[in-house]
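User: I have a model open and would like to know how its descriptions are justified. Please take me through the reasoning.

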Amino acid sequence: MSDFHDSLVDVSSDSFWEVGNYKRVVKRVDDGNRLCNDLMNCLHERARIEKSYAQQLSEWAKRWRQLVEKGPQYGTVERAWFALMTEAEKVSDLHMEVKAALMGEDFEKVKNWQKDAYHKQMIGGFKETKEADDGFRKAQKPWAKKLKEVDVMKKAYHTAFKEEKAAASRESTSKLENNNPEAQKKLQEKVEKCQQEVQKTKERYEKSLEDLDKVTPQYMENMEQVFEQWQQFEDKRLRFFKELLLGVKQHLDLSTNHKYQTVYNTLEDTIQAADAQEDLKWFRSNHGPGMPMNWPQFEEWSTDLNRTLSRRETKRKPADGVTLTGISQTAEPVSKASSRASVVEKEKMVVDGSDEEAGNPFASANANGNPFEDEPSSPEVSVPVRALYDYEGQEQDELSFKAGEEFTKIGEEDEQGWCKGRLSNGTVGLYPANYVEDM
């Protein structure tokens with residue numbers, strides 16, 4: 001056995017057939033296990049990148065949604081801007097799905113395949129590595145033994161040949177120097193003896209080569225069989241890696257994911273729906289010349305100076321200590337401006353007749369009594385409407401309703417933005433006009 005180990009060190013070429021060069025095939029078995037670890041680390045790193053990107057998108061969307069919401073942009077263009085944040089939130093979710101697929105599916109597949117393909121030994125290393133090494137060693141041992149014999153015979157032949165050349169050289173020198181015949185005779189005998197040794201070692205050398213040639217075909221066949229066995233083992237790994245990488249590609253390629261396509265179809269539709277003219281019209285109606293105005297008009301003097309101001313006046317000109325009505329939104333407002341405008345400011349105010357700065361007591365007629373002029377009634381209408389937000393009435397003559405509730409508008413909107421309506425249970429009262437939409 002020691003002779004065989006010695007022969008492994010003496011590798012004369014890089015050929016697979018040289019003694020010990022099968023070690024590269026054995027090493028490939030170990031390399032396959034290491035490549036499984038490398039692939040799992042690769043997938044793990046990509047999963048962390050996907051998660052980090054998803055979190056950054058989500059944080060970006062949250063921050064910019066708040067900034068745009070608090071900013072001056074309004075209307076359909078604001079909704080188009082918001083669509084960018086919605087896209088980021090949806091894409092963030094998709095990248096979290098990619099991360100989950102990489103770790104939950106692909107990573108686990110490699111881990112399980114590695115566990116099935118490579119079996120650790122108690123003494124260290126893998127069972128498959130030892131099997132490969134043992135197989136090649138067994139196939140190569142007979143041929144390696146013959147090869148060592150050839151090397152020994154070759155060395156003996158070359159040594160004998162050198163000695164024969166040296167003896168012949170000494171004999172020639174002796175003749176030139178005319179040494180005594182006895183010395184020349186001994187040198188000649190030495191040459192003849194060396195020539196015989198050369199012939200003898202040459203025959204042994206040639207015989208050892210013949211013996212090696214005889215076992216070479218069997219050696220090649222056995223090595224081929226073992227090599228093919230581990231080619232098939234490696235073939236399984238290569239095919240598995242290819243299949244696994246195709247699966248990873250499917251998980252990474254969001255362009256084939258219908259959810260991803262829907263995100264951008266929705267984004268484009270929302271942006272295309274932005275209408276500058278609609279936004280300008282809305283701004284004109286809510287903040288420009290299109291706003292209603294309680295133009296000054298002649299009003300009769302009222303004898304009742306201690307009356308309570310009308311609802312319309314208190315909405316328009318509240319005193320200190322205004323109470324704001326709580327708003328519970330269950331849907332996104334049509335716009336920030338209309339949402340802000342819908343906050344109802346209410347408080348009853350009692351006007352002292354001697355206080356001229358508290359307001360003109362003749363500014364409007366009300367139910368408490370201008371005996372000379374009745375408040376004009378709203379025109380009779382009957383329009384079905386649906387609540388956009390929750391509203392809780394603050395006074396007895398106000399309606400309370402929930403977002404989504406349907407009822408009937410029975411009076412047109414007044415200058416302060418109030419309408420009269422009738423609930424499905426028959427209750428009649430006032431409500432903020434911008435809290436509902438026509439059906």
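Analyst: Start with a cut-off: helix axes at angles under 35 degrees count as roughly parallel. The model is predicted.

User: Why are α2 and α5 called roughly parallel?

Analyst: They pack at an angle of about 10 degrees. The cut-off is under 35 degrees, so α2 and α5 are roughly parallel to each other. Their axes lie 10 Å apart.

User: Which residues make the contact between α2 and α5?

Analyst: On α2 they include Val25, Arg28, Val29 and Leu43. On α5 they include Phe227, Trp230, Phe241 and Leu244.

User: What does Trp230 touch, leaving out residues up to four places away in sequence?

Analyst: Trp230 touches Val25, Arg28, Val29, Glu128, Glu131, Ala132 and Phe136.

User: What makes a set of residues a nonpolar core, and which residues have the most contacts inside the largest one?

Analyst: The members are buried residues of certain kinds, joined through side-chain atoms within 4.5 Å. The largest such core has 50 residues, and Leu43, Val110, Tyr118, Phe136, Met223, Trp230 and Leu244 have the most contacts inside it. Helices α2, α3, α4 and α5 each supply at least two residues of this core. The largest share, twelve residues, comes from α5. A second, separate core has 16 residues, among them Ala387 and Tyr431.

User: How do you know that the span of α7 agrees with what a helix should have?

Analyst: Helix α7 has twelve residues, and the expected span at 1.5 Å a residue is 16 Å. Its end C-alpha atoms are 16 Å apart, so the two agree. At the start of α7, a side-chain oxygen of Asp275 comes within 3.0 Å of the backbone nitrogen of Gln277.

Notes:
Residues numbered from 1 in each chain as written. Predicted model: local features only at pLDDT ≥ 70, side-chain atom pairs only at ≥ 80, totals over all residues. Heavy atoms only, no water. Helix = DSSP H or I, 4+ residues; strand = E, 2+ residues; numbered from the N terminus. Expected span 1.5 Å × (residues − 1). Polar contact = N/O pair within 3.5 Å; in protein donor to acceptor, adjacent residues only side chain to side chain. Buried < 20%, exposed > 50% of the residue type's maximum accessible area, 1.4 Å probe, protein only. Contact = heavy atoms within 4.5 Å. Axes fitted to C-alpha atoms, helices over the stretch in contact; angles between N-to-C directions. Parallel < 35°, antiparallel > 145°, perpendicular 65-115°, else oblique.
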